[in-house]
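Visitor: Please take one part of this assembly and look at it closely, following it outward to whatever it touches. I would like a connected account, with the cut-offs behind each term.

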Amino acid sequence: MLRNLVRFHNCLGHAFSPPTVCPRGQMFKLLSVNSKSYSIITERKKFYEDVSISHGEGGMFEINLDRRKLKTPGGKLFTAPNEALAIAVANEWDTQKDMLKFYSMHMTTLCNTALDNPTFRSKDQMITAALKYLETDTICYRVEEPPSLVELQNNEWDPVLNWIEDRYNVVIGSSTSILGPEIPQATMDTFRQHLGSYNFWSLTGLEYVITQLKSVVLAFALIDKHITVEQAVLLSRLEEEFQIGHWGNVEWAHDVDLYELRSRTAAGALFVHFSSESSTVKRKLMQD
Amino acid sequence: MASLSSPLSIKGPEYKHSLAYNYVLDQFRKKQITGERCCLAQEEALYASHSYLCLLISTRQHMALYDIYHGKGQHDTEEMSGIVGLRLPTQPGGKGWEK
């Protein structure tokens, strides 16, 4: 039904679809056929008033825009595995004003990627890709000068590194060489096994967070609730923040990057939490 | 820093009727009473809501800056030349090779 509506509103000749996330973080581009030049669809007019969620088959939740059900860019019915995720997505659609801005709807994008899997990746491929970031992990890549930056890196990054080495019983270490740290195979195996315990949806989110923060260590610290989203983003951008403190802040570059990184990382972290946790409420009666 | 518009996209006290608000409150109520001494569920709920707050705030701030600074895309030739103060030449008789 949504597709029929799209054909009806065919003023620009675009097909309506919010974007998905491809592995290297590029936006999934849709080319228009009828307009004068190739354009990337980033905005569309808002065509609904109310957003609500409803129970679907198999305990999944669906999003309703007015009376129509939301679909993924791949054409499938949009289903979320739990209520929290559905509400987060519904809220994203609800906050849109006259124009729909797809690039601000991070939770929707992540759900679409998990549902469509447009690049047909398996769990193993995602784990391998995620672990590749460990070899050039931000936290492990140290500078040798200026001394104040070296000190800052040691003070801020060492505690997180020590935490993850204790928590997972691995050896990572930091390095100032251009090749990065030598990660022993045992460490890789431990992490691989740990990542294998997450389901596909959580892995999608986790890989997204790792790609955004450019660090496996920070992503794990975030997912294990050891640090907050703001702290993780700060640690990821430590050198940038250092340079900003020295040379000054440029609002249209630094702030834009900061807020975008924060919103994406927060969306990814929430996505993983909602996909991997399950809760039950056990009611006990008070005995008098 | 660019100033933000009203912090509530839903105006006034109507936010209490929004889905997300009710859900979050509901979750906290469920985890309020517990038999355990150290309640992990409450900490998790607090952490999740803190992360969600971060998501909402940073998305809003990002959009505010985006609206101010982001390029508006390609206009057509007339508009583009108008922006830099030039006009396109007009030839009422046509350029000669048109049929």
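Guide: Chain B exposes about 7900 Å², of which carbon and sulfur atoms supply 57%; such accessible areas come from the Shrake-Rupley method with a 1.4 Å probe, and for residues only the protein chains shown count as cover. This is a predicted model, in which local features need pLDDT of at least 70 and side-chain atom pairs count only at pLDDT 80 or more, while totals for chains, interfaces and linings use all residues. Residues are numbered from 1 along each chain as its sequence is written, chains are lettered from A and ligands numbered from 1 in the order in which they are written, and side-chain values use heavy atoms, with hydrogens and water left out.

Of the 99 residues in chain B, 23% are buried, where buried means under 20% relative accessible area, exposed over 50%, and partly exposed in between (1.4 Å probe, protein chains only). Its secondary structure comes to 3 helices and 0 strands, in the pattern α-α-α along the sequence; helices (H or I, at least four residues) and strands (E, at least two) are DSSP runs numbered from the N terminus.

Two residues of chain B lead across to chain A: B:Ile68 and B:Tyr69 join A:Val250 and A:Trp252 in a nonpolar surface patch of about 410 Å². Patches are built from residues with over 30% relative accessible area and no salt bridge, like charges being joined within 9 Å and nonpolar side chains (Val, Leu, Ile, Met, Phe, Trp, Tyr) within 5 Å. A:Val250, which counts as partly exposed at 30% relative accessibility, sits in the loop between helix H10 (238–247) and helix H11 (251–276) of chain A.

H11(A) is the part to examine closely. Its 26 residues should span 38 Å at 1.5 Å a residue, which agrees with the 36 Å between its end C-alpha atoms; the expected span is 1.5 Å times one less than the number of residues. The helix is mostly covered, with 20 of its 26 residues buried.

Among the 85 residues of the largest nonpolar core, A:Ile63, A:Trp93, A:Met107, A:Ile164, A:Ile172, A:Phe191 and A:Leu195 touch the most other members, and the largest share of this core, 11 residues, comes from H11(A). Because domain 1 (46–116) and domain 2 (123–276) of chain A both contribute residues, this core lies between them. A nonpolar core is a set of buried Ala, Val, Leu, Ile, Met, Phe, Trp, Tyr and Cys residues joined through side-chain atoms within 4.5 Å, and the domain bounds come from an automatic or database assignment.

H11(A) also carries a charged contact: A:Arg264 and A:Glu260 meet in a salt bridge at 3.0 Å, N to O, the term requiring a side-chain nitrogen of Lys or Arg within 4 Å of a carboxyl oxygen of Asp or Glu. These partners, 4 residues apart in the helix, are separated by about one helical turn; A:Arg264 counts as buried at 16% relative accessibility, whereas A:Glu260, at 22%, counts as partly exposed. Elsewhere, salt bridges that share partners link A:Arg237, A:Glu240 and A:Glu241 into one network.

The structure holds 8 salt bridges over all chains. In another of them, A:Arg121 pairs with A:Glu207, their closest N and O atoms 2.8 Å apart. A:Arg121 lies in the loop between helices H3 (106–116) and H4 (123–132) of chain A and A:Glu207 in helix H7 (residues 200–213) of chain A, so the pair ties together parts that are 86 residues apart in sequence; both residues are buried.
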